[in-house]
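Got your viewer open? Load the model, set it to cartoon, and keep the selection box handy. We'll hop from one stop to the next.

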Amino acid sequence: TMVNRGKLDRKGTMEQTIADGHNFLAQGTYDTDAATAGSSPSSLGKRKVNPVTKYDYPASPTRKTKSRSKSPPRKKAKTTKAKRTVRSVSPKKPRKAVKKSAQKPATKRAVNPKPAVPATPSVLSVPTVWEFRSDKPAFGVHVSQGKCWMANDAGDVFGFNLNGVMERHIKLPSGIKSVVSDMGMWLYAGCDNGVVYDLSRESEPRAAYHFQDFDIDDVSMLDALEAGNEASHLNDTVIESSTKPRHIVFAIDKSSSMRGEQIEEVARNLRMIYDHHLRKGDLISLITFDSSVSTVFQRMEKGNEADDQKLRNFIYSSDFTHCSGCTAFFDALGASWEQFSDNPDEEQWIIALTDGEDNRSSKYNVENLCTLGAKSNGSLICVFASNSSPQSKYAQSLDRMCHSTKNGLFIHATPNLNAKHSITSAFKHIAQLLSSKVMWMDIRDGMLAVSDNTGRVVACSIEGNPLWQQKSEGTCGWMVRSDFEGVYHGHSSGVTKYSAIDGKPMWSSLKEHRVMFGWMDKTTKMLFVGANRSIHQVSCADSS
C-alpha cells in the first residue's frame, strides 16, 4: 500500500520490501542504502528490536523526503468600516397602571377517598394427615376422646384411631346421616329408616330409638322400643333391615308451557333423585300429562337391572323432554292415587309437578282429590313452578289437597324470581324427605336430641325414654344443637330454641331462611348457622 501511494521508493527483493514495510510500521524509518536486489532477508540492513512486541526487525533506512519552498505570506486587503447611522428613538409612552386584583387563595379540590378494600385473607394449605375412602357418600363424622367415627349412605360405620388405623366396622341396615358421642362413653348413629342405634358396646349394637308417628301423651314410645328390642337379636357387625317398602309415583307436567329450560331442569333433578336418593327395592311409577294422561311405567323396582335400564333410558331420552298441549293436572293426580294398592305396610308417596292451572281435566277436581287423599295411606308432595302469588286461589287449592294427606307438602317454586325457590331447590327438599328420617342428632349430659325430616325435634334419655317433642314451623328439619339451657333446632323456616327441660319454645330467628347446618361456640355462647350460602351469628340467650 505504501509503495502504491508513493510513500516508499526503493529497489530490492520482495522479501526486503516486506521486511521494510514491517519496520516502517514499527519504527517509522526506511533505509534506502541497506540492500541490493537479490540479497537475503537476513542480511538486509541493521536489525532493531521492537520495544513493544520484542520482535526482531531489520533496521529500516531513513526515508527520503522532499523539501518544500515556503511561499511568502499573503497580505490582507484593507477594509473600510462603514459608518453606523444612529436612529432616533421616540420616547416610550408611560403605560397605564393596572390595578392588581387581589388573588383569591386557590380552593383545594375535594378528594373522594377510595373505599377501603378489605385485605383478602391468605389461604393456608392444610396438610393431609391421612384419608379413607368408603366409596359411598359420607355425612356422619365425629371425633372425640382419641377416636374418629365415620358413617356413609350404605350403612357402614367405621372407627379409626387418630393415626388412621381402622379399629371397628359396623354394618347397619340403611344409610346414616349423623354420628354423635358423649364423653367418649356413648356412641349413637341415626339411620335413614328412622332408627337410632346405640353403638357404645363393642359387641352388640342396640336399637335405642325409633322414629314413628306418635303422640307422647297417647302412645308409650318406651313400650314400642322394648318390643322392638325383644324382637331384634343383633350380632356384632350386621343388623337385619326392617325398613318398610316404598312405592313412589312421579306425575310430571309436559304441557307446552314447560317447554325449554323448565322441563330440562325437571329431567336433571329426577335423575338425581332416582340415582342417589331412592333405596334399593323401591317401587317406581311414572305418569306424564299434557292434554291427556299417560302412564309410562308401573311399579318398576329400583335395583332390578332390567327395570333400571328402562327407567334410565326414558328419563335420559328426548321423548321425556318433548312438551306440547294443555294441562290435565287433576286427572293425573287421580291416576296417581289409582296406582297404590291397599297395603298398610307400604309407604306411599306422590310427587307431582306442574307450572300452571288445570284446563283440561274431566274426571277429577279439587274436592274429590281431597277426599281421596284423606282416605289414603299415602302422602302428596306438590311442586307448583309458577311466578303467581302463593295466595292465589289455585295455589291455595293445591295446598289444601296436599295437607289433606298424611304427610303432605306444598312447595311453591318461583323460577324467575328467587333461586332459593327454584325447581332445583324444591327437588332437593324432596330428596331430603325421601332419603332420611333421622337428619341430625346431638347429645348433652345424657339427653339425646334428634331432628327428623318432617321438621320435628325429639328429646329422650340415653335409655330411650321420651322427654318431649316439638314440631317446628318448618316443613323439614336438619340441624340440632344442645346445651344446659336449651335445644337449638334448624329447619326450613329458620332456627328455634326450645327449653331443655320441657321443650317449650323460647325464641325463633332467621324465619326467612332455610337453616341446614350450625355449630355452637361454648365459650361465647354463640350459634353459627349456615343459610343461603351465608354464615349467621345468633346469640344463644336472646337470638340477637
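## Inside the cavity

Keep in mind throughout that this is a predicted model. The first thing to look at is a lining: the residues around the largest cavity divide into 8 nonpolar, no polar and no charged. Select Phe-250, Leu-270, Tyr-274, Leu-278, Ile-284, Leu-286, Leu-311 and Ile-315 as sticks, and you have that lining on screen. The volume they surround is about 70 Å³. When you go looking for cavities of 30 Å³ or more, the structure holds 1.

Now colour by element. Which helices and strands each supply at least two residues of the lining? They are helix H3 (261-276), strand E12 (283-289) and helix H4 (305-315).

## Zoom out for a moment

Show the whole chain. You should be able to pick out 9 helices and 27 strands. The chain has 544 residues, and buried ones make up 44% of them. If you draw a contact map and keep pairs at least 6 apart in sequence, 55% of the contacts join residues at least 24 apart.

## Leu-283 and its neighbours

Go back to strand E12 and click on Leu-283, which lies in it. Is Leu-283 buried or exposed? With a relative accessible area of 15%, Leu-283 comes in under the 20% cut-off, so it is buried.

Next, add His-247. Along the chain the two residues are 36 apart, yet a distance label between the C-alpha atoms of Leu-283 and His-247 should read 4.6 Å. Leaving out residues up to four places away in sequence, Leu-283 touches Arg-246, His-247, Ile-248, Arg-299, Met-300, Glu-301 and Glu-346.

## A covered helix

Select 329-337, which is helix H6. Turn on a surface for everything else and this helix is mostly covered, with 9 of its 9 residues buried. The buried residues in H6 include Phe-329, Phe-330 and Trp-337. Asp-331 and Ser-336 are buried there too, as are Ala-332, Leu-333, Gly-334 and Ala-335.

## Another pair from separate stretches

Jump to Ala-413, in strand E16 (residues 409-413). Ala-413 has a relative accessible area of 0%, so it counts as buried. Label the distance from its C-alpha to that of Ala-385: you get 4.5 Å for two residues 28 apart along the chain.

## The four-strand sheet

Select 438-471 to bring up the next stop. The strands E17-E18-E19-E20, in that order, form an open sheet with antiparallel pairing. Look to the edges: strand E17 (438-444) and strand E20 (466-471) each have a single partner strand, so one side of each is left without a neighbour in the sheet. From one strand to the next, the twist averages 15 degrees.

For a closer view, take strand E18 (residues 447-452) and strand E19 (residues 456-461). They run antiparallel and are joined by 5 bridges. To find a matched pair across them, put Ser-451 on screen and look for Val-457 in E19, which stands opposite.

## E21 and its hairpin

Move on to strand E21, residues 477-482. How many of its residues are buried? The count is 6 of the 6, so E21 is largely enclosed by the rest of the structure.

Add strand E22 (residues 486-491) to the selection. E21 and E22 pair in the antiparallel sense over 4 bridges, and a hairpin of 3 residues joins them. One bridge to pick out links Gly-477 to His-491 in E22.

Then centre on Ser-482, which is found in E21. Its relative accessibility is 0%, so Ser-482 counts as buried. Not counting residues up to four places away in sequence, Ser-482 touches Asp-442, Ile-443, Arg-444, Met-447, Val-487, Tyr-488 and Met-520.

## Two positive phi angles

Last stop: open a Ramachandran plot and find two residues with positive phi that are not glycine.

- Asp-135 has a phi of about 70 degrees. Asp-135 sits in the loop between strand E2 (56-58) and strand E3 (138-144). At 73% relative accessibility, Asp-135 counts as exposed.
- Lys-525 has a phi of about 55 degrees. Look for Lys-525 in the loop between strand E25 (517-521) and strand E26 (526-531). At 39% relative accessibility, Lys-525 counts as partly exposed.

Conventions: Residues numbered from 1 in each chain as written. Predicted model: local features only at pLDDT ≥ 70, side-chain atom pairs only at ≥ 80, totals over all residues. Heavy atoms only, no water. 1 Å grid on protein atoms, 1.4 Å probe; cavity = no way out; pocket = protein on both sides within 12 Å on 5 of 7 lines; lining within 4 Å. Points joined across faces, edges and corners; volume = space filled by probe spheres on them. Nonpolar A, V, L, I, M, F, W, Y, C, P; charged D, E, K, R; others polar. Pairing = 2+ DSSP bridges. Axes fitted to C-alpha atoms, helices over the stretch in contact; angles between N-to-C directions. Buried < 20%, exposed > 50% of the residue type's maximum accessible area, 1.4 Å probe, protein only. Contact = heavy atoms within 4.5 Å.
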